[in-house]
Amino acid sequence: MRTPLYPSTILMTADTVGSVWTYALELTRAMATQGTNVALATMGEPMSEEQRAQAESIPNLTVYESEYKLEWMDNPWEDVKKAGEWLLQLRDQVQPDLIHLNHLSYGSLDWGKPVLTVIHSCVLSWWRAVKQEEAPKKWNKYREMVRKGLQAADTVVAPTQAMMHQAEELYGPFKHSAVVYNGRGQQYFQFGRKEPFVFSLGRVWDEAKNIQMLAHIASALQWPVYIAGEGRHPETGEAMELDNVHFLGQLTNKEVTDWLSRASIYALPAKYEPFGLTVLEAAMSGCALVVGKTESMAEVWGNAARYVDPSSADELRDTIENLIDDEFCRNIMACRAVKRSHGYTADQMAQDYSYLYGQLIEAPVSVSK
């Protein structure tokens with residue numbers, strides 16, 4: 001049996017304002033066992049002190065920091081152009097074996113290296129799920145740039161089959177495509193003595209997370225609701241007001257781990273969640289899961305979660321109340337979530353990406369993009 005080819009160096013992009021940061025660090029750590037070094041080019045915002053400390057703790061990671069606007073931000077295209085020039089300079093400096101993009105429009109750059117692009121989410125599929133309509137014309141430039149970038153990539157990856165179907169419909173066809181489920185290291189999460197409260201975590205400002213609806217029904221629940229996450233929009237600075245709940249704001253990773261270990265129920269009635277790393281973290285922590293009924297959530301969690309219509313506050317309230325009232329059922333759902341989470345480890349994710357990397361390194365690179 002032939003030894004698989006592992007890249008010695010990867011140039012990867014990530015942003016600092018979402019879960020892609022967590023994904024990139026988790027994958028980098030897991031790739032260390034194969035001797036792969038990662039040069040991580042960050043965009044969006046400066047790293048926080050905690051993010052800087054996280055990055056410094058990973059020996060096979062080197063971070064190259066920038067503040068270029070992300071594709072989904074308002075009027076980003078001048079920044080995207082400059083970021084592309086910067087990324088090509090990094091390629092010359094780092095001399096990677098391949099390019100792993102977690103942003104969608106850079107696949108069409110003249111890389112001269114194999115390119116893998118991951119579509120973690122996108123504005124057009126977000127708009128369909130959240131607004132129940134097609135994105136308005138102001139996003140036509142985004143559509144054009146993303147389609148061009150994805151179609152130029154040698155391989156396009158999505159974190160669920162549901163997300164891949166949407167990506168192909170919106171931007172395809174692609175040269176090659178694959179589904180790789182995200183993963184987390186179980187060692188970062190723990191089971192504590194479960195306490196009588198409901199917990200939620202996410203970008204509170206993001207309409208897709210639908211955390212506002214959880215706050216709306218919180219006063220009707222027997223148990224208190226605690227919500228953590230970024231409450232202020234990264235572009236507008238607008239803060240989301242939450243009533244009836246205990247809002248904890250932005251927590252450190254250690255604090256999140258503590259809250260998840262004690263929470264009996266984790267609720268995220270999201271309208272759009274292509275994978276949901278926070279849901280996985282809750283499952284690894286032994287929480288009973290209540291999530292929005294979407295194709296991707298059903299694909300990832302099967303019978304290990306309770307699903308609610310993201311537009312029905314009554315259904316969310318009743319589903320959570322039923323779990324509060326029925327300890328036996330709550331424990332069964334928590335056990336199912338833990339068992340299901342074993343299929344989404346960082347090591348498995350790294351193994352799947354390593355296979356794709358090996359295929360890309362062996363394949364001839366197309367000269368023209």
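**Reading a sheet and its helices**

Q: What is the strand order of the open sheet of six strands, and how are the strands paired?

A: Strands of a sheet pair through backbone hydrogen bonds, either parallel or antiparallel. In this predicted model, an open sheet of six strands follows the order β10-β9-β8-β11-β12-β13 with parallel pairing. Its edge strands, which pair on one side only, are β10 (246-249) and β13 (306-308). Neighbouring strands are turned by 25° against each other on average, direction ignored. Two strands pair if DSSP finds at least two bridges between them; helices (H or I, at least four residues) and strands (E, at least two) are DSSP runs, numbered from the N terminus.

Q: How should the numbering and the values be read?

A: Residues are numbered from 1 along each chain as its sequence is written, and side-chain values use heavy atoms, with hydrogens and water left out. In this predicted model, local features need pLDDT of at least 70 and side-chain atom pairs count only at pLDDT 80 or more, while totals for chains, interfaces and linings use all residues.

Q: How many bridges join β9 to β10?

A: Strand β9 (residues 225-228) is joined to β10 by three bridges, and the two run parallel. Y226 stands opposite H246 in β10.

Q: Which strands does helix α11 touch?

A: Helix α11 (residues 313-325) packs on the sheet and touches β8 (195-201), β11 (263-268), β12 (288-292) and β13. Contact means heavy atoms within 4.5 Å. The direction of α11 makes about 160° with that of β13; axes are lines fitted to C-alpha atoms, for helices over the stretch in contact, and angles run from 0 to 180 degrees between N-to-C directions.

Q: At what angle do α1 and α13 pack?

A: Two packed helices are described by the angle between their axes and the distance between the axes. Helix α1 (residues 20-31) packs against helix α13 (residues 346-362) at about 80°, with axes 9 Å apart. That makes α1 roughly perpendicular to α13 (angles of 65 to 115 degrees count as such). Among the residues in contact are Y23 and E26 of α1 and Y353 and Y357 of α13.

Q: Where do E26 and R29 lie, and what joins their side chains?

A: Side chains of opposite charge can pair when their charged atoms come close. Both E26 and R29 lie in helix α1, three residues apart, about one turn of the helix. Their side chains meet in a salt bridge (3.6 Å, N to O), a term for a side-chain nitrogen of Lys or Arg within 4 Å of a carboxyl oxygen of Asp or Glu. The structure holds 16 salt bridges.

Key
Angles under 35 degrees count as roughly parallel, over 145 as roughly antiparallel, 65 to 115 as roughly perpendicular and the rest as oblique.
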